[in-house]
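Reader: I'm new to this and would love a close look at how strands pair up. Could you take me through that slowly, and then show me what else is going on?

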Amino acid sequence: MEKIDKELLQQVAGLHEIPVGAYNIRKNGKSEGRKSTENIEITSKEEGGLEIRIKPGTKNESVHIPVIITETGVQEMVYNDFYVGENSDVLIVAGCGIHNSGDKTSKHDGLHRFFIGKNAHLRYVEKHYGEGEGTGERIMNPSTEVTIEENAVCEMEMVQIKGVNSSKRKTEARLGKNAKLTVTERLMTHGKQFVQSDMDIYLDGEGSSAQIISRSVGKDDSKQVFNPVAIGNNACRAHIQCDSIIMDNANIRSIPEIAANHRDAQIVHEAAIGRINGDQILKLQTLGLTPEKAEKVIIDGFLR
Amino acid sequence: MLEIKNLCFAVKEGETPLDIINDVSITVPDGKFIVITGPNGGGKSTLARLIMGLERPTSGKILYNGTDITDMSVTERAKLGIGYAFQQPPRFKGLTVRKILSIAAGKTLSEKESCAYLSRVGLCSAEYLKRELDSSLSGGEMKRIEIATLMARKPELAIFDEPEAGIDLWSFSMLVETFKQMQKEASRTTVIISHQERIMSLADEMIVIADGKVKSKGSGKDMLPQLMCEFSPCCGIKMPID
């Protein structure tokens, strides 16, 4: 693997070497390596993209499916389907890293569909990262659709911290009886970057619950729009929390929305946008940090 | 040694300047335990903030170990060995108790080291290390963590702004014990703003600040009975203040 590949893989999947367990590494639109295991099968779909099937009862196994783009001008759209078998407990790490050193736009769009079986537990981590000295844009538009069956638990962590010029994120989840979803989204934009994150969470099953936590930092002239929506169609609980730190000339819109179609639905939302409190900087200065370092500590903590 | 010379701090109220600190001169010798007291709104907290550099004086000078620090930033003063515990410590979403203790100590603290600081302020430590300094902590917990943070910092000159505020009686007794230990450490100078008799009783020296001025000062032994007398109307001793 080349140095740039390794760095990108480290950023998006925390990988230092070839991962343990099942994996598929995609580079510049082609598969660079793949491994299925006894319980996790990765195959290519005829229409493009991957199908990942996790056998029922699979415990403590992981799937890594990082995508890296190192050539300028690569534009792709992938459709990956994940079938998480009943009673399984697995970790799926996805993510995309673009290194664009040219002047053409590199773009990765993807649709990930998850079908989580009864009593299964999925932890899904998705990191997006861009770098490169070129003038070409780095664009990522991820869509995620999740179906969570009875008693299943899905924890999603979606992170975009650096280097992506433009991103439209769309997440849709449907929860069955007693299903549980937590989504933690962490975003930072700088320069003239733009990010929009829409989420539609349908709480269809009795006893289902969802917690959506979105934390973002907007710097320079960047723009962010958040529109998480929770819809309670049964006796359920949901909580949406959007928290943003605004800096410089950034522009942030936060529009959490809740809807109830059942009298036993309990849904709460809260949203806050504000700049870093002066007292926070001063407090850290009294501990010997410079104002610049203090700001970094506050942002790193906030996006942790 | 901390020397405060003819310090003034005024804010503008409309067009008229309002004096908050008015020509205050104080010398704090090394290794002493100094308690500053006085009525609310008298300027005690402002004086402490001026020493740490959180506010800038209108005129006057502050010298620390002979160096003029009047124009130094908060960071520079912290690096010289001055530390400050806020009366109302700010909250941080995402920043953990363990992280702020490590920042204060200037190195990554082990779980055991972090716990030791928390135990000294009466917090059952292990469960607190991962907690965030956000609104899930009560005011009293925030205050105790603030005090532990300054202990982890180990400054040569530690300034505490009303450490007792918001702390329950049980924890307060433990806090007094902690301050007692500090008072014995000759290498450390402590300045505490307090209204509490049990903290005042530890003072090597006491300073009463009212209306932005030093109203009186003297040894803790002499001053405390006089001050207590002031609060007790049946006491026959002549008041030393004014």
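Author: Happy to. Let's start with the word "pair": two strands pair if DSSP finds at least two bridges between them. Strands themselves are DSSP runs of E with at least two residues, helices are runs of H or I with at least four residues, and both are numbered from the N terminus. In general, strands of a sheet pair through backbone hydrogen bonds, either parallel or antiparallel.

Before we zoom in, a word on what you're looking at. This is a predicted model, in which local features need pLDDT of at least 70 and side-chain atom pairs count only at pLDDT 80 or more, while totals for chains, interfaces and linings use all residues. As for labels, residues are numbered from 1 along each chain as its sequence is written, and chains are lettered from A and ligands numbered from 1 in the order in which they are written.

Now the strands of chain A. Begin with β11(A), residues 153-162, which pairs in the parallel sense with β13(A), residues 180-189, over 8 bridges. If you want a spot to click on, Glu157(A) stands opposite Thr184(A) in β13(A). From there, β13(A) also pairs with β15(A), again in the parallel sense, over 10 bridges. Here Met188(A) has Val217(A) of β15(A) as its bridge partner.

Keep going: β15(A), residues 208-218, runs parallel to β17(A), residues 236-246, and 11 bridges join them. Look for Ser209(A), which stands opposite Arg237(A) in β17(A). Then β17(A) pairs with β20(A), residues 265-274, in the parallel sense over 10 bridges. On that step, Ile240(A) sits opposite His269(A) in β20(A).

How sure is the predictor about all this? Its confidence in each residue is pLDDT, from 0 to 100. Chain A averages 92, and 98% of the residues score at least 70. Within chain A, confidence is highest in strand β19(A) (residues 257-260), at 97, and lowest in helix α1(A) (residues 3-13), at a mean of 80. Chain B averages 90, with 95% of the residues at 70 or above. The scores for the model are ipTM 0.92 and pTM 0.86.

One residue in another strand of chain A is worth a stop: Glu126(A), in β9(A), residues 121-131. A residue is buried if 20 or more other C-beta atoms lie within 10 Å of its own, exposed if 12 or fewer, and partly exposed in between, with C-beta atoms placed from the backbone. Glu126(A) counts as buried because it has 23 C-beta neighbours inside 10 Å. Two residues are in contact if their C-beta atoms, placed from the backbone, lie within 7 Å. Leaving aside neighbours within four places in sequence, Glu126(A) is in contact with Ala94(A), Gly95(A), Pro142(A) and Met158(A).

Over in chain B, you'll find an open sheet of 6 strands in the order β6-β7-β8-β3-β9-β10, with mixed pairing. β6(B) and β10(B) (213-219) stand at the edges with a single partner strand each, so one side of each has no neighbour in the sheet. The twist averages 15° from one strand to the next; angles run from 0 to 180 degrees between N-to-C directions, and axes are lines fitted to C-alpha atoms, for helices over the stretch in contact. Within this sheet, β3(B) (residues 33-37) and β8(B) (residues 189-193) run parallel, joined by 4 bridges. There, Ile34(B) stands opposite Val191(B) in β8(B). Helix α1(B), residues 44-52, lies across β3, β6, β7 (157-161), β8 and β9 (205-210) of chain B, running at about 150° to β7(B).

Last stop: where the chains meet. In all, 20 residues of chain B are in contact with 18 residues of chain A. On the chain B side, the elements giving two or more residues are α2(B) (74-80), β6(B) (82-85) and α3(B) (97-105). The largest share, 4 residues, comes from α2(B). By class, this side has 12 nonpolar, 4 polar and 4 charged residues; Ala, Val, Leu, Ile, Met, Phe, Trp, Tyr, Cys and Pro count as nonpolar, Asp, Glu, Lys and Arg as charged, and the others, Gly among them, as polar. So β6(B) turns up twice on our tour: at an edge of the sheet, and on the side of chain B that touches chain A.

Methods
pLDDT = per-residue confidence, 0-100.
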